[in-house]
Amino acid sequence: MKKSVLAFSIITIMFFCSSFKDNSSHTKTDSLKLTKITDGSDVTSFIYKNGLLIKTISVNPDNDYSSVIEYIYEKGKIKKRFFYDLLSNGTQENLTTIIYNYTGNLITSDINNTGGIKYSNVYLYNSLGIVSNRKEYDSKGSLKSNYDYEYYESGNLKKEIKTSGTDTQITNFISYDSKKNPEKLFLPNELTSIDLISNNNLLSFDETTFEYKYNESNYPSHIIERENNVIVSTKILEYN
């Protein structure tokens, strides 16, 4: 099942904190909404209600199903997300449910349930209100992986350090543009922190690079993704 919405989301690259300098100068008050992403034959549509994202639907004509993400709110804050494949006969398969728990306005933990198998995440924030650490626990409550995050002064994600047992994996997010990240337009603010969404658009990490064309509002209208200098994806973004 596909769970990614944007190819330039690094599950999900995001952050939200007004204390950092935001070079892109955009907020949820922007009148634009991201409505569609086309990637070859893959089309993802975004559905809103009362200004809040409630569903994304990704369709590929070569498949007999659509990939769906539903967003459920309580008192204006995201409480649940449902990920599933919707078959042509209306049947749902591969359901994953995520329930978010809060301390004040910050998500401090979540519970993931996939096919009856549960695991959880616990989030720690630094003094600026940005996620600095995530701990992932398996269904038995044992620590599976530990993630530490570092940020640039701009607030964009700089480094992820993942530790699982004796293994350590470091991912460096090398550079960003100075334009607006469209994920900030549709994702709830609470998710932009735990999903690690940066203010600006990622230009490179490891062997992957991104090239952008922008609309008059300084949001990406086209995204070309390359791995080892080979184009692997070309996306067209539409707004309303």
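# A tour of strands and aromatic rings

Select Tyr 214 to begin: at 31% relative accessibility, Tyr 214 counts as partly exposed. The model is predicted, so its confidence values belong to the tour as well. Keep Tyr 214 on display and add Lys 179, whose charged end sits over the Tyr 214 ring at 5.6 Å from its centre.

**Confidence**

Colour the model by pLDDT. The protein has a mean of 88, with 88% of its residues at 70 or more. In residues 1–27 the pLDDT is below 50, although in the model this stretch has 107 contacts beyond near neighbours in sequence.

**Ring pairs**

Now show the aromatic side chains. How many aromatic pairs are there by the rule used here? The count is seven. For one of them, select Phe 173 and Phe 205: with ring centres 5.8 Å apart and planes at 35°, the pair is tilted, because stacked needs planes under 30 degrees apart and edge-to-face over 60. Phe 173 is in strand E12 and Phe 205 in strand E13 (residues 202–205), so this pair links distant parts of the chain, 32 residues apart. Phe 173 counts as buried at 2% relative accessibility, and Phe 205 counts as buried at 14%.

Next, put Tyr 212 beside Tyr 214. Their rings form a stacked pair, 6.0 Å from centre to centre with 25° between the planes. Is Tyr 212 buried or exposed? At 9% relative accessibility, Tyr 212 counts as buried.

Return to the phenylalanines and add Phe 210: ring pairs link Phe 173, Phe 205 and Phe 210 into a cluster.

**E10 to E12**

Select residues 143–176 as a ribbon. Strands E10 (residues 143–151) and E11 (residues 157–164) run antiparallel and are joined by six bridges. Glu 150 has Lys 159 of E11 opposite it. The two strands make a hairpin with five residues between them, and in the turn Gly 155 has a positive phi of about 95°.

E11 also pairs with E12 (residues 167–176), antiparallel and over six bridges. Here Thr 163 stands opposite Thr 168 in E12. Two residues lie between the strands of this hairpin, and Gly 165 in the turn has a positive phi of about 65°.

**E3 and E4**

Move to Ser 58 in strand E3 (residues 52–59). Ser 58 counts as buried because its relative accessibility is 18%, and the cut-off is 20%. Which side chain makes a polar contact of 2.7 Å with that of Ser 58? The partner is Thr 44. Beyond four places in sequence, Ser 58 is in contact with Val 43, Thr 44, Ser 66 and Ser 67.

Follow that contact to Ser 66, which is in strand E4 (residues 65–74). At 15% relative accessibility, Ser 66 counts as buried. Its contacts beyond four places in sequence include Ser 58, Tyr 84 and Leu 86.

**E4 to E6**

Extend the selection to E5 (residues 77–87), which runs antiparallel to E4 and is joined to it by 10 bridges. In E5, Arg 81 is the bridge partner of Tyr 71. Two residues separate the strands of the E4 and E5 hairpin, where Lys 75 in the turn has a positive phi of about 55°.

Arg 81 also leads onward: its bridge partner in E6 is Ile 98. E5 and E6 (residues 92–103) pair in the antiparallel sense over six bridges. Their hairpin has four residues between the strands, and Gly 90 takes a positive phi near 90°.

For the last stop, select Lys 77 and Tyr 102: Lys 77 lies over the face of the tyrosine, 4.4 Å from the ring centre.

Key:
Residues numbered from 1 in each chain as written. Predicted model: local features only at pLDDT ≥ 70, side-chain atom pairs only at ≥ 80, totals over all residues. Heavy atoms only, no water. pLDDT = per-residue confidence, 0-100. Contact = heavy atoms within 4.5 Å. Pairing = 2+ DSSP bridges. Buried < 20%, exposed > 50% of the residue type's maximum accessible area, 1.4 Å probe, protein only. Polar contact = N/O pair within 3.5 Å; in protein donor to acceptor, adjacent residues only side chain to side chain. Phe/Tyr/Trp six-rings, centres within 6.5 Å; stacked < 30°, edge-to-face > 60°. Lys NZ or Arg CZ within 6 Å of the ring centre and 35° of its normal.
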